[in-house]
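Open your viewer and get ready to pick out residues by number. We will go from stop to stop, selecting a few side chains each time and looking at what is there.

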Amino acid sequence: MKKFTLEKNAQCLCGSGKRYRNCCWDILSNITKDMNFQREIDNKNFDKAFKLSLADLTRYMIYVKRDTEPMLLNNPILGEYTLEIDLKALGEIINKTLFVIKTGNLNVNFISMLHNLSNVFYNQKWHQLLTYYKAVWYYLYQNDIKNAAVILSGISYKEIYDVQFLQLYLDVKNDELSFSDKIEINDILIEKADNLTSEIQYMAAKGIEFFLIGDLEKAKELFNEAILLAEKNINHFKKTYDYFILAGLYNIAGKMFDNMGYIEKAVNYYTKILEDENVTQKGISNAYSRLGDAYFHLKNQEKALECYEKSVEIDGNAVSKIFIAHLFTVNEEFESASEILDSIDFNKLEDKEKIDFMFNYAELILHTKKKDGIENILIKLKELNVTSKYFNDKKNEFIINLQEVLHLSKDDDKDSGVKKVLRKINNYFILEPNIAGIGININQIFKDILK
């Protein structure tokens, strides 16, 4: 059988849609030691780095077409083994390409590129990999969950073999999935986890699902198991990603169990993240935001505010602004809290951030009892898309309490029981942005944090 060769007039295998002679041929036929992807990135030559990544993709696809494709026909067992290696390598190249597009802010039609690549190699796993990256592009790089959901609309989680893809599927389709589906997906992820950090991450994510339906005992049981596993293998965790998972685990468990020792451990791990010089500005901002949250629950408001403000200073972190407003509300600095919330563009917030924003605004209005703002906040609360029982209960309670204040006269205000309502609200009101994010959302953050 004649081995595959890429003719110069054929379509290039990088997905550009161009002929090979007008695309990657020049680089691949003149490879020299001077061609270094990382050096081009360091020198901010993003166009050159992009061309090198495309050439790398073409080079690897030639190997796939020449060796792996015929092997899948002639020796399927060996072919499948080789394909698994190829898919990992190709995934790394596509990640590299995505990185340079985003970092260099290049005008590239990435979806069109993936569409062209889908015509290069006819294999189910290869096509599933491309579908994954289409969803990644919309969800993580364009902040467009609707289009990401459309990309995944024809896929069942039972068909997905890749762990990262399953994580993404869980996050994008979260609102559509039943509780039992979410639990089954998390069980699959726990079983497939190839390291302790991931196993702990998925155990905690499963615990969050039980927490969100009101089963606190089962949630605590799962968090206990995750913490025991972590502490039994504490010397295993040495990377920044490990610290982020552990910090989130201890921070949420600390609030769930009212255990300040756990939150102190979270502070320790968040601090370790900030000590890593390779963490990006966005990663530092997120770490400061969560560190501030931990300090807040340790009753150290001064340190909490300092961390929130550093986060906002770095990249205008909206969640940190919401945290600051909450802190001002708790301290009855209502004017300052209102100014902070009014400075946030609600329409630019992610869905989970909108929940935090609206709950915080509702709490502020209940404190100030300014009736002119209640009707507007009631409309927004009723329109708020909340799927979990936990947040839906909180939403409904805010609506009921706001309606009570709206219909009370000033004369009856003192005897209305509003103070009791506020005390009740403060008992449960904990800002927890992306509470379900101990799963895929953490990975989202780290796609920005880690180079």
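Select Lys-182 and Glu-209 to begin this walk through a predicted model. Are these two residues buried or exposed? Lys-182 is buried, and Glu-209 is buried as well. Now show their side chains: they meet in a salt bridge, with 4.0 Å from N to O. This pair links distant parts of the chain, 27 residues apart. Colour helix α9 (residues 179-192) to see where Lys-182 sits, then helix α10 (residues 196-212) to find Glu-209. As background, side chains of opposite charge can pair when their charged atoms come close.

Next, go to helix α15, residues 301-315. Which partner does Lys-303 have in a salt bridge? Select Glu-306: the closest N and O atoms of the two are 3.9 Å apart. Lys-303 and Glu-306 are three residues apart in α15, so about one helical turn separates them. Here is the general idea: an α-helix has 3.6 residues a turn, so residues three or four places apart point the same way. Switch on the surface and you will find Lys-303 partly exposed, at 29% relative accessible area. Glu-306 also counts as partly exposed, with 30% relative accessibility.

Now select Arg-66 and Asp-67. Their side chains form a salt bridge of 3.3 Å, N to O. Arg-66 is partly exposed, with a relative accessible area of 29%, and Asp-67 is partly exposed too, at 26%. Add Lys-3 to your selection, and you have a network of salt bridges linking Lys-3, Arg-66 and Asp-67. If you would like to hunt for others later, the count of salt bridges comes to 16.

For a stop on the surface, select Lys-18, Arg-39, Lys-48 and Lys-51. What do these residues form together? They gather in a patch of positive charge. Zoom in on Arg-39, which lies in helix α2 (residues 37-42). Arg-39 is partly exposed, with 34% relative accessible area.

Finish with helix α20, residues 389-407. How far does this helix reach from its first C-alpha to its last? The 19 residues of α20 span 27 Å, close to the 27 Å expected at 1.5 Å a residue. To see which of its residues are buried, select Tyr-390, Phe-391, Lys-394, Lys-395, Glu-397, Phe-398, Ile-399, Asn-401, Leu-402 and Val-405. Charged residues are among them, including Lys-394 and Glu-397.

Key
Residues are numbered from 1 along each chain as its sequence is written. This is a predicted model: local features need pLDDT of at least 70, side-chain atom pairs count only at pLDDT 80 or more; totals for chains, interfaces and linings use all residues. Side-chain values use heavy atoms; hydrogens and water are left out. Helices (H or I, at least four residues) and strands (E, at least two) are DSSP runs, numbered from the N terminus. The expected span of a helix is 1.5 Å times one less than its number of residues. Buried means under 20% relative accessible area, exposed over 50%, partly exposed in between (1.4 Å probe, protein chains only). Patches are made of residues with over 30% relative accessible area and no salt bridge: like charges are joined within 9 Å, nonpolar side chains (Val, Leu, Ile, Met, Phe, Trp, Tyr) within 5 Å. Accessible areas come from the Shrake-Rupley method with a 1.4 Å probe; for residues, only the protein chains shown count as cover. The place of a charge is taken as NZ of Lys, CZ of Arg, CG of Asp or CD of Glu.
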